[in-house]
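Me: Got a minute to go through a model with me? I'll paste it here.
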Amino acid sequence: CSSDLLSLMDQIATLQKVNSELRERFNSELSTTLSENASSTDQIEDQFNAEKTSLMEQLDVFKARVDELTSEQAVLSHKVMDLESHCTSLDEAKSALESEKNQVEAEKNSQQKELEQLQTRLSQSVPLSDL
(Lines give C-alpha, C1' and ligand atoms only; values in the text may rest on other atoms or scores of the structure.)
Protein backbone atom coordinates (compact mmCIF):
# COMPACT_ATOMS: atom_id res chain seq x y z
CA CYS A 1 0.00 0.00 0.00
CA SER A 2 2.86 2.32 0.76
CA SER A 3 4.29 1.71 -2.71
CA ASP A 4 0.91 2.67 -4.16
CA LEU A 5 0.94 5.76 -2.00
CA LEU A 6 4.47 6.61 -3.09
CA SER A 7 3.49 6.06 -6.71
CA LEU A 8 0.45 8.28 -6.29
CA MET A 9 2.54 10.96 -4.61
CA ASP A 10 5.04 10.78 -7.48
CA GLN A 11 2.20 11.09 -9.98
CA ILE A 12 0.74 14.04 -7.99
CA ALA A 13 4.17 15.70 -7.92
CA THR A 14 4.58 15.09 -11.65
CA LEU A 15 1.09 16.45 -12.33
CA GLN A 16 1.78 19.53 -10.19
CA LYS A 17 5.06 20.09 -12.06
CA VAL A 18 3.32 19.68 -15.47
CA ASN A 19 0.46 21.92 -14.27
CA SER A 20 2.95 24.56 -13.15
CA GLU A 21 4.82 24.39 -16.48
CA LEU A 22 1.57 24.58 -18.43
CA ARG A 23 0.42 27.53 -16.32
CA GLU A 24 3.72 29.35 -16.93
CA ARG A 25 3.55 28.67 -20.67
CA PHE A 26 -0.12 29.74 -20.79
CA ASN A 27 0.61 32.95 -18.84
CA SER A 28 3.61 33.69 -21.07
CA GLU A 29 1.61 33.13 -24.27
CA LEU A 30 -1.32 35.12 -22.87
CA SER A 31 1.01 37.98 -21.97
CA THR A 32 2.57 37.91 -25.45
CA THR A 33 -0.85 37.83 -27.12
CA LEU A 34 -2.16 40.67 -24.96
CA SER A 35 0.96 42.71 -25.70
CA GLU A 36 0.60 42.10 -29.46
CA ASN A 37 -3.11 42.96 -29.31
CA ALA A 38 -2.38 46.15 -27.37
CA SER A 39 0.26 47.13 -29.93
CA SER A 40 -2.13 46.34 -32.79
CA THR A 41 -4.92 48.26 -31.06
CA ASP A 42 -2.61 51.26 -30.63
CA GLN A 43 -1.68 51.13 -34.33
CA ILE A 44 -5.33 50.90 -35.36
CA GLU A 45 -6.23 53.78 -33.05
CA ASP A 46 -3.35 55.90 -34.39
CA GLN A 47 -4.40 55.15 -37.97
CA PHE A 48 -8.02 55.96 -37.13
CA ASN A 49 -7.03 59.27 -35.51
CA ALA A 50 -4.83 60.19 -38.49
CA GLU A 51 -7.67 59.45 -40.93
CA LYS A 52 -10.12 61.35 -38.71
CA THR A 53 -7.78 64.37 -38.63
CA SER A 54 -7.39 64.22 -42.41
CA LEU A 55 -11.15 64.04 -42.90
CA MET A 56 -11.72 66.95 -40.51
CA GLU A 57 -9.19 69.03 -42.48
CA GLN A 58 -10.94 68.11 -45.74
CA LEU A 59 -14.27 69.03 -44.15
CA ASP A 60 -12.89 72.43 -43.11
CA VAL A 61 -11.65 73.04 -46.67
CA PHE A 62 -15.04 71.96 -48.03
CA LYS A 63 -16.90 74.26 -45.62
CA ALA A 64 -14.66 77.17 -46.58
CA ARG A 65 -15.34 76.51 -50.27
CA VAL A 66 -19.10 76.33 -49.61
CA ASP A 67 -18.84 79.70 -47.83
CA GLU A 68 -16.95 81.16 -50.81
CA LEU A 69 -19.52 79.82 -53.26
CA THR A 70 -22.38 81.12 -51.13
CA SER A 71 -20.77 84.56 -51.11
CA GLU A 72 -20.20 84.42 -54.87
CA GLN A 73 -23.81 83.35 -55.36
CA ALA A 74 -25.03 86.34 -53.34
CA VAL A 75 -22.89 88.71 -55.44
CA LEU A 76 -24.11 87.12 -58.68
CA SER A 77 -27.74 87.24 -57.52
CA HIS A 78 -27.32 90.97 -56.83
CA LYS A 79 -25.76 91.46 -60.28
CA VAL A 80 -28.63 89.54 -61.89
CA MET A 81 -31.15 91.76 -60.11
CA ASP A 82 -29.24 94.85 -61.29
CA LEU A 83 -29.16 93.52 -64.86
CA GLU A 84 -32.86 92.67 -64.78
CA SER A 85 -33.59 96.21 -63.56
CA HIS A 86 -31.33 97.64 -66.27
CA CYS A 87 -33.05 95.47 -68.90
CA THR A 88 -36.44 96.71 -67.70
CA SER A 89 -35.20 100.30 -67.98
CA LEU A 90 -33.84 99.59 -71.47
CA ASP A 91 -37.15 97.99 -72.51
CA GLU A 92 -39.02 101.04 -71.25
CA ALA A 93 -36.61 103.38 -73.07
CA LYS A 94 -36.92 101.30 -76.25
CA SER A 95 -40.69 101.42 -76.00
CA ALA A 96 -40.61 105.22 -75.51
CA LEU A 97 -38.23 105.62 -78.47
CA GLU A 98 -40.44 103.44 -80.67
CA SER A 99 -43.45 105.53 -79.66
CA GLU A 100 -41.55 108.74 -80.44
CA LYS A 101 -40.37 107.22 -83.74
CA ASN A 102 -43.97 106.38 -84.62
CA GLN A 103 -45.05 109.94 -83.80
CA VAL A 104 -42.23 111.41 -85.91
CA GLU A 105 -43.14 109.02 -88.73
CA ALA A 106 -46.80 110.01 -88.50
CA GLU A 107 -45.85 113.71 -88.48
CA LYS A 108 -43.51 113.14 -91.42
CA ASN A 109 -46.29 111.39 -93.36
CA SER A 110 -48.68 114.19 -92.51
CA GLN A 111 -46.20 116.84 -93.66
CA GLN A 112 -45.46 114.80 -96.76
CA LYS A 113 -49.17 114.80 -97.61
CA GLU A 114 -49.35 118.53 -96.96
CA LEU A 115 -46.34 119.06 -99.18
CA GLU A 116 -47.91 116.97 -101.94
CA GLN A 117 -51.14 118.94 -101.61
CA LEU A 118 -49.24 122.22 -101.77
CA GLN A 119 -47.31 120.99 -104.80
CA THR A 120 -50.55 119.93 -106.45
CA ARG A 121 -52.14 123.30 -105.72
CA LEU A 122 -49.03 125.05 -106.88
CA SER A 123 -48.96 123.13 -110.11
CA GLN A 124 -52.64 123.92 -110.67
CA SER A 125 -52.32 127.58 -109.90
CA VAL A 126 -51.83 130.17 -112.59
CA PRO A 127 -48.23 131.27 -112.96
CA LEU A 128 -47.48 134.87 -112.05
CA SER A 129 -46.27 135.59 -115.53
CA ASP A 130 -49.72 134.76 -116.86
CA LEU A 131 -51.33 137.36 -114.68
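Reply: Sure. One term to settle before we start: buried means under 20% relative accessible area, exposed means over 50%, and partly exposed is in between, with a 1.4 Å probe and protein chains only. By that rule Leu55 is exposed, because its relative accessible area is 54%.

Me: OK, and what should I know about where this comes from?
Reply: This is a predicted model, so local features need pLDDT of at least 70 and side-chain atom pairs count only at pLDDT 80 or more, while totals for chains, interfaces and linings use all residues. Residues are numbered from 1 along each chain as its sequence is written, and side-chain values use heavy atoms, with hydrogens and water left out.

Me: How many helices and strands does the protein have?
Reply: The count is 1 helix and 0 strands. Helices (H or I, at least four residues) and strands (E, at least two) are DSSP runs, numbered from the N terminus. Helix α1 covers residues 2–124.

Me: What does the C-alpha trace span along its principal axes?
Reply: About 185 × 25 × 15 Å. The radius of gyration is 55 Å, whereas a compact globule of 131 residues would be near 14 Å. That radius is taken over C-alpha atoms, and the globule rule is 2.2 Å times the number of residues to the power 0.38.

Me: Got a couple of distances to go with that?
Reply: Leu55, in helix α1, is 35 residues from Ser20 in sequence and 51 Å from Ser20 in space, C-alpha to C-alpha. Gln43 is in helix α1 too, and Gln43 and Ala64 are 21 residues apart in sequence and 32 Å apart in space, again C-alpha to C-alpha. Gln43 counts as exposed because its relative accessibility is 55%.

Me: What share of the residues is buried?
Reply: 0% of the 131 residues. The protein exposes about 12,200 Å², and carbon and sulfur atoms supply 56% of that. Accessible areas come from the Shrake-Rupley method with a 1.4 Å probe; for residues, only the protein chains shown count as cover.

Me: Switching topic: how many salt bridges are there?
Reply: There are 2. The cut-off is a side-chain nitrogen of Lys or Arg within 4 Å of a carboxyl oxygen of Asp or Glu. Glu68 pairs with Arg65, their closest N and O atoms being 3.0 Å apart. Glu68 and Arg65 both sit in helix α1, 3 residues apart, about one turn of the helix.

Me: And the other one?
Reply: That is Glu72 with Arg65, with 3.9 Å between the closest N and O atoms. Through shared partners, the salt bridges join Arg65, Glu68 and Glu72 into one network.

Me: Are those three buried or exposed?
Reply: In between. Glu68 counts as partly exposed because its relative accessibility is 42%, Arg65 is partly exposed at 40%, and Glu72 is partly exposed at 41%.

Me: Which residues form the nonpolar patch on the surface?
Reply: Met56, Leu59, Phe62 and Val66, with about 360 Å² of accessible area together. Patch residues have over 30% relative accessible area and no salt bridge; like charges are joined within 9 Å, nonpolar side chains (Val, Leu, Ile, Met, Phe, Trp, Tyr) within 5 Å. Leu59 lies in helix α1 and is partly exposed at 36%.
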